[in-house]
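Q: Please take a close look at the empty space in this structure. Walk me through it step by step, along with whatever packs around it.

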Amino acid sequence: MVERIAEEKVNEIRQAVDIVDIISDYVQLKKQGRNYFGLCPFHGENTPSFSVSPDKQIYHCFGCGAGGNAFSFLMDLEGFSFQEAAVKLAEKGHVKLDINVPSAIIPKSIPPDIQQMLEAHELLRKFYHHLLLNTKDGQHALDYLLTRGFTIESIEKFQIGYSLNSWDFVYKFLAKRKFSAEVMQKAGLIIQSEKDGSFFDRFRNRIMFPIFDQSGKTIAFSGRTLGDDDPKYLNSPETPIFNKSKILYNFHLARPQIKKLHHAVLFEGFADVISGDLAGVENGIATMGTSLTDDHIAALKRNTQSITICYDSDNAGIEAAFRAANLFSDAGCQVKVASMPDGLDPDDYIKQFGPEKFRHEVIEASSTLMTFKLQYFRRGKKLQDEGDRLLYIEEVLTEISRLENAVEKDYYLRQLAEEFSLSLEALKDQEKQINFSDRRKNKGQANKIASKHLVLTKQTKQLKPAYYTAERSLIAHMLQNHDLAFKVQDMLQGNTFNVDEHQAIITYLLGFYENGHPPNPSAFIDFIDDEKLKRIVADIEMMNINDELSEQELKDYIKQVFNYQKMLKIKEKLLEQKEAERQSDFTKAALIAMEIIQLRKSL
């Protein structure tokens, strides 16, 4: 059972950490005014609507409504319990916890078989690494790596190892430690023979490259052959803990550099990442033998929106770079594409020309997306041939027509006019025709999107009733002022707020103050049990209000709360009046009419 963390320790942790630092590990934040903004990690978006307040130590997304403090952020994003989040924050804030930490940090939500898979991978990573560096069995593999340009430092950094040339060593090694053969097979570490049902090792006599998830847990391996065996690289299959469409190689190590440089370099494979790292490119990541996916892009966008794609310079690499560049561009990222001499991959280039030249003449000299596309469309065309030349001009004009920046459009149109001795006006006319044609083609789809957008805008900008705004304004001030909270309670004279959630929040708030707590938005969010109410509090906390609330403003807000209740009473009386008239009880109807007049006068 997880030990309870004392409230004093929770307060100490809360004071020791800065929510901006915590969220910055997951989201690229930029300061705008008093708050920080970034792309929400809880839903997909291209325009930052996720706000973090360092003053109040809370966050709120204006898009999806997510909100809370540092504790709830980790609980919602990582699936932590409160104790697990507290342990992680305590570690970040250098707060010593007087509890049994190991019991608090083991996620209780992980099924036993998944936990076994993770533990087996972790154990094998250490074992393979030890074999490579410290045994005679691994010496030939170590010599091979060192002759290929690897260093002991890089082998240590990437935890590279060696798997023995044995059919069943890993199977017996794991079985001896009580790991289930069935679970290890599902984890992709062993294979069952179709002939006799026996188990044998997946990786044999290979250099082992462990694959980690975003938090640094070992979840898979890629083994490179030392001989002529096929395949050259053997990867773990997809398993319950390894999904290639979600994993970026080296992301757990590269993320601090990506955030520091506000930039990432995407390589085609993990071997290029390691070569790039040896050459001083420490913000490199790679997909795991699969095309770029929305999940990959979302993970990167939470940390940076500036990407350089550095793929192989062969046809397949250029085609893959073109697809990846378009996906990043569509997702709102700034994209550059690195180029190398024909046929070379980053590893070849570094060996041939050296690390410094790779950094300065490949990575730092990367082309803009449009420049890369101009080069891409030239491939396979003889521009001295009239047909190829016209086709190239049309393809380039189509790309130029999609540019949103007018200056950028003009720049590339002039470049095209100069290169082919064409009239700039003619190119501009042609570009406009292409643009108009594309817009007509997409008109139906655009109308659907526009109508959806209009509906969303209406919902977002819909004016709330006066009582709703008044109640939220009162809560916002009550969250900042202990005395005001109890004053509002007295002024309500036993009445309640009209919105149930608002009434629940002030009930919690009065209890919070009665327990001796001073005003503290982050601490109050932890005091609330209901997740929906926590989000509403975070939303209210982000409201812009005056530091001082005048007596007149206070009375006006209270009046709006009461007015709504009176309006409901008037509606009720009008129905009673109609019923009295229907029954020909005109005396009763007249009395009700007088009550309605008095109620309206009091509004």
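A: Start with the largest cavity, which holds about 50 Å³ of space. Keep in mind that this is a predicted model. How do we find such a space? Rolling a probe the size of a water molecule over the atoms shows where empty space is left. The lining of the largest cavity is a short list: Arg14, Val17, Ile19, Gln57, Ala70, Phe71 and Ser522. Sort these residues by class, and you get 4 nonpolar, 2 polar and 1 charged.

How many cavities of 30 Å³ or more does the structure hold? The count is 2. The second largest cavity contains about 40 Å³. Around that space sit Val170, Tyr171, Leu174, Ala175, Phe179, Ser180, Ala181, Met184 and Ile190. Two helices each give two or more residues to this lining: H9 (169–176) and H10 (181–186). H9 supplies the largest share, 4 residues. Now look at the classes. The lining of the second largest cavity has 8 nonpolar residues, 1 polar residue and no charged ones.

Next, move to a pocket. The second largest pocket has about 1000 Å³ of space. It is lined by 23 residues. Closest to its centre are Ser329, Asp330, Arg402, Leu403 and Glu404. By class, the pocket lining splits into 5 nonpolar, 10 polar and 8 charged residues. Which elements give two or more residues to this lining? They are helix H14 (315–330), strand E16 (334–337), helix H17 (369–378), H18 and H20.

Some of these helices also pack against each other. Take H14 and H17 as one pair. They meet at an angle of about 145°, and their axes are 11 Å apart. The crossing of H14 past H17 is left-handed. On the H14 side, Ile318, Glu319, Ala321, Phe322, Ala325, Asn326 and Ser329 make the contact. On the H17 side, the partners are Leu369, Phe372, Lys373, Tyr376 and Phe377. So Ser329 plays a part in this contact, and Ser329 is also among the residues closest to the centre of the pocket. The H14–H17 contact contains 8 nonpolar, 2 polar and 2 charged residues.

H18 and H20 form another pair. H18 covers residues 386–401, and H20 covers residues 424–441. Their axes lie 9 Å apart, at an angle of about 65°. Angles from 65 to 115 degrees count as roughly perpendicular, so H18 is roughly perpendicular to H20. This crossing is right-handed. H18 brings Ile393, Glu394, Leu397, Thr398, Ile400 and Ser401 to the contact. H20 brings Leu427, Gln430, Glu431, Ile434, Asn435 and Asp438. The classes here are 5 nonpolar, 4 polar and 3 charged.

Finish with one more pair of helices, H22 and H24. H22 runs over residues 466–478, and H24 over residues 500–514. Their axes come within 11 Å and cross at roughly 15°. The cut-off for roughly parallel is an angle under 35 degrees, so H22 is roughly parallel to H24. The crossing is left-handed. Tyr468, Glu471, Arg472, Ile475 and Met478 of H22 touch His502, Ile505, Ile506, Leu509 and Tyr513 of H24. That contact is made of 7 nonpolar residues, 1 polar and 2 charged.

Methods: Residues numbered from 1 in each chain as written. Predicted model: local features only at pLDDT ≥ 70, side-chain atom pairs only at ≥ 80, totals over all residues. Heavy atoms only, no water. Axes fitted to C-alpha atoms, helices over the stretch in contact; angles between N-to-C directions. Parallel < 35°, antiparallel > 145°, perpendicular 65-115°, else oblique. Left-handed = near helix turned anticlockwise from the far one by under 90°. Contact = heavy atoms within 4.5 Å. Nonpolar A, V, L, I, M, F, W, Y, C, P; charged D, E, K, R; others polar. 1 Å grid on protein atoms, 1.4 Å probe; cavity = no way out; pocket = protein on both sides within 12 Å on 5 of 7 lines; lining within 4 Å. Points joined across faces, edges and corners; volume = space filled by probe spheres on them.
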